[in-house]
Amino acid sequence: MTRKIERGLIELYHEDPDRADRLVFGRVAGPDRRGFLRGAGLASMGALLGTTIPFNANMPAGLIPAALAETVNEFAFDAKHADMIVHNDRPVNVEAAVHLLDDDVTPADKHFIRNNGQMPYPIDRGEWRLTVDGEVNEALELTWDQLMNEFEHVTLRLQLECGGNGRAGFNPLPRGNPWTIGAIGNAEWTGVRVSDILRRAGLKPSAVYTGHFSYDQHLSGDPDRQAISRGAPIDKIMDPHSIVALKMNGGDIPIEHGYPARIVNPGWPGSTSQKWLTRIWVRDREHDGPGMTGLSYRVPRHPVSPGTEVAHEDMMVMGSMIVKSAITDPVAGTEVRAGVPFEVRGQAWAGDDHVTAMETSIDFGATWQPATVEAPPNRYSWQRWRASITAPAVGYYEVWARATDNRGRSQPMVVPGWNPRGYLNNACHRIFVTAT
Ligand SMILES: Nc1nc2c(c(=O)[nH]1)N[C@H]1C(S)=C(S)[C@@H](COP(=O)(O)O)O[C@H]1N2
Ligand SMILES: [Mo]
């Protein structure tokens, strides 16, 4: 069963006032703030809220006013690069401006955040457990130390992309975060293969799907509702690149990315990569947690015209993400010199597949020139591509970039297959430059 975090901020103030201050105030806690809410007197709460609390007599002891508790979300923004684009702070949804995707390994401060529910309060790694149950021969309850010491670890660069990345391009605009192109990251994750964990538990022949569970609460605050619980077919999750990650870029996973442990199931919609993981339930059928049913993470089986209402039986659960690329340098609007070559570069990826060719065009797609594309350092990493481009005369140019995968599928120039929730837009990315 999913475990709930008993420890609240008030308790944390007694145990570790500095940490509690960081959570409430962000990074700025200084000596004058240390343990500011310790004891959480009415006066200090009132001072923080900037007003009085008329019904204070009814306040349960130890309750943190929602106005303050909600600022817990802000420390995630604090940890992010100033050029990140905030779509929402409740839940926290932040994407990278495209030039922030230039690193081969995405640093945490440039990695997008997609939360469906409330970010959990800090989790004690010593108390944390991972339950594995369902269609297994022996249910497991694993500690952090067991995962650290009893299993082989792998370190991999893995692309993690929200299924709705690119949604902003669809018209009519489906509901959901209007991601442009920055809901993708390629951090270096270290952890244990899900397959090794499931093998230790022993899969029954009836095992066909996983269901993933976590600490984060539903936005309503109702403790009986989960924010999200998706999963993956056994064949996919048994791939040696699907891991229970224990580290991100060599350090503890930041809370907003799933501390202390999360699944990274690369190449598939990010929603299959449960953060703050507590349980893997092996199922004898397709998992049916929140995010698995209705229209969520489903696309029409057959193309539909924009705006169509599609019947549930005509929708299917999304699998692999599809071929895509981004121009990460130069930034749009850069001035170049006519007749002088300049470098254009970026990243390309293709879900379960990989990119075999990149091309660029500066004449609105009339002609295309091949670019170089590097082999991925490991499967499921994005790939660096580069091109040398020369603007023949003074004026306005658009650089368009197009990736092709190992199965010969290329990115379309226009936004592809509209679907009710706006998934899988892999239209070519383009920037403009001015030649002087
Ligand atoms: N527990 C939990 N896991 C989650 C989510 C969530 O809201 N709660 N969001 C999912 C979605 S939709 C995406 S795209 C990825 C985003 O991972 P990131 O925030 O580390 O970039 O996490 C997935 N895992
Ligand atoms: Mo997502």
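# Close-up legends

**Figure 1. D405 lies in strand β21 (residues 395-405).** The model shown is predicted; local features need pLDDT of at least 70, side-chain atom pairs count only at pLDDT 80 or more, and totals for chains, interfaces and linings use all residues. Residues are numbered from 1 along each chain as its sequence is written, chains are lettered from A and ligands numbered from 1 in written order, and side-chain values use heavy atoms, without hydrogens or water. Helices (H or I, at least four residues) and strands (E, at least two) are DSSP runs, numbered from the N terminus. D405 counts as buried, at 2% relative accessibility. Buried means under 20% relative accessible area, exposed over 50% and partly exposed in between, with a 1.4 Å probe and protein chains only. Which residues touch D405, leaving aside neighbours within four places in sequence? They are V323, A350, D353, H354, V355 and T356. Contact here means heavy atoms within 4.5 Å.

**Figure 2. Strand β22 (residues 429-435) has alternating side chains.** H429, I431, V433 and A435 point to one face and are buried. R430, F432 and T434 point to the other face and are not buried. In a regular strand, side chains alternate between the two faces of the sheet. Which strands pair with β22? β21 does so in the antiparallel sense, over seven bridges. Strand β16 (residues 334-336) does so in the parallel sense, over three bridges. Two strands pair if DSSP finds at least two bridges between them. V433 of β22 stands opposite Y397. V433 also stands opposite T334.

**Figure 3. Strand β7 (residues 184-193) is mostly covered.** Nine of the 10 residues in β7 are buried. Strand β6 (residues 153-161) pairs with β7 over nine bridges, in the antiparallel sense. L160 has G185 of β7 as its bridge partner. Strand β9 (residues 243-248) also runs antiparallel to β7, and five bridges join the two. Here T190 is opposite K247 of β9.

**Figure 4. Two peptide bonds, N171 to P172 and Y259 to P260, are cis.** The bond between N171 and P172 has an omega of about 0°. Where does P172 sit? P172 is in the loop between β6 and β7. For the bond from Y259 to P260, omega is near 5°. P260 belongs to the loop between β10 (251-252) and β11 (262-264).

**Figure 5. W276 and Y297 have positive phi values.** Neither W276 nor Y297 is a glycine. For W276, phi is near 50°. W276 is in the loop between β11 and β12 (277-283). Is W276 buried or exposed? W276 counts as buried, at 1% relative accessibility. For Y297, phi is about 50°. Y297 is in the loop between β12 and β13 (298-300). Y297 counts as buried too, at 7% relative accessibility.

**Figure 6. Ligand 1 has 20 residues around it.** Which of these come nearest? F112, N116, D216, R262 and K275 do. A residue is near a molecule or strand if one of its heavy atoms lies within 4 Å of it. A side-chain N or O atom of S214 is 2.8 Å from a nitrogen atom of ligand 1. For H257, a polar side-chain atom lies 2.8 Å from an oxygen atom of the ligand. S273 uses its backbone: an N or O atom there lies 3.0 Å from a ligand nitrogen. Taken alone, ligand 1 exposes 530 Å², and the protein buries 100% of that. Accessible areas come from the Shrake-Rupley method with a 1.4 Å probe; for residues, only the protein chains shown count as cover.

**Figure 7. C162 and C428 are both buried.** C162 has a relative accessible area of 7%. C428 is at 10% relative accessibility. How many disulfides does the structure hold? The number is zero. A disulfide is a pair of cysteine sulfur atoms within 2.5 Å.

**Figure 8. The whole protein has eight helices and 22 strands.** Of its 436 residues, 53% are buried. Among contacts with a separation of 6 or more, 70% join residues 24 or more positions apart. The accessible surface comes to about 18,600 Å². Carbon and sulfur atoms account for 50% of that surface.

Technical notes
A polar contact is a pair of N or O atoms within 3.5 Å; within protein, one must be able to donate a hydrogen and the other to accept it, and residues adjacent in sequence count only if both atoms are side-chain atoms.
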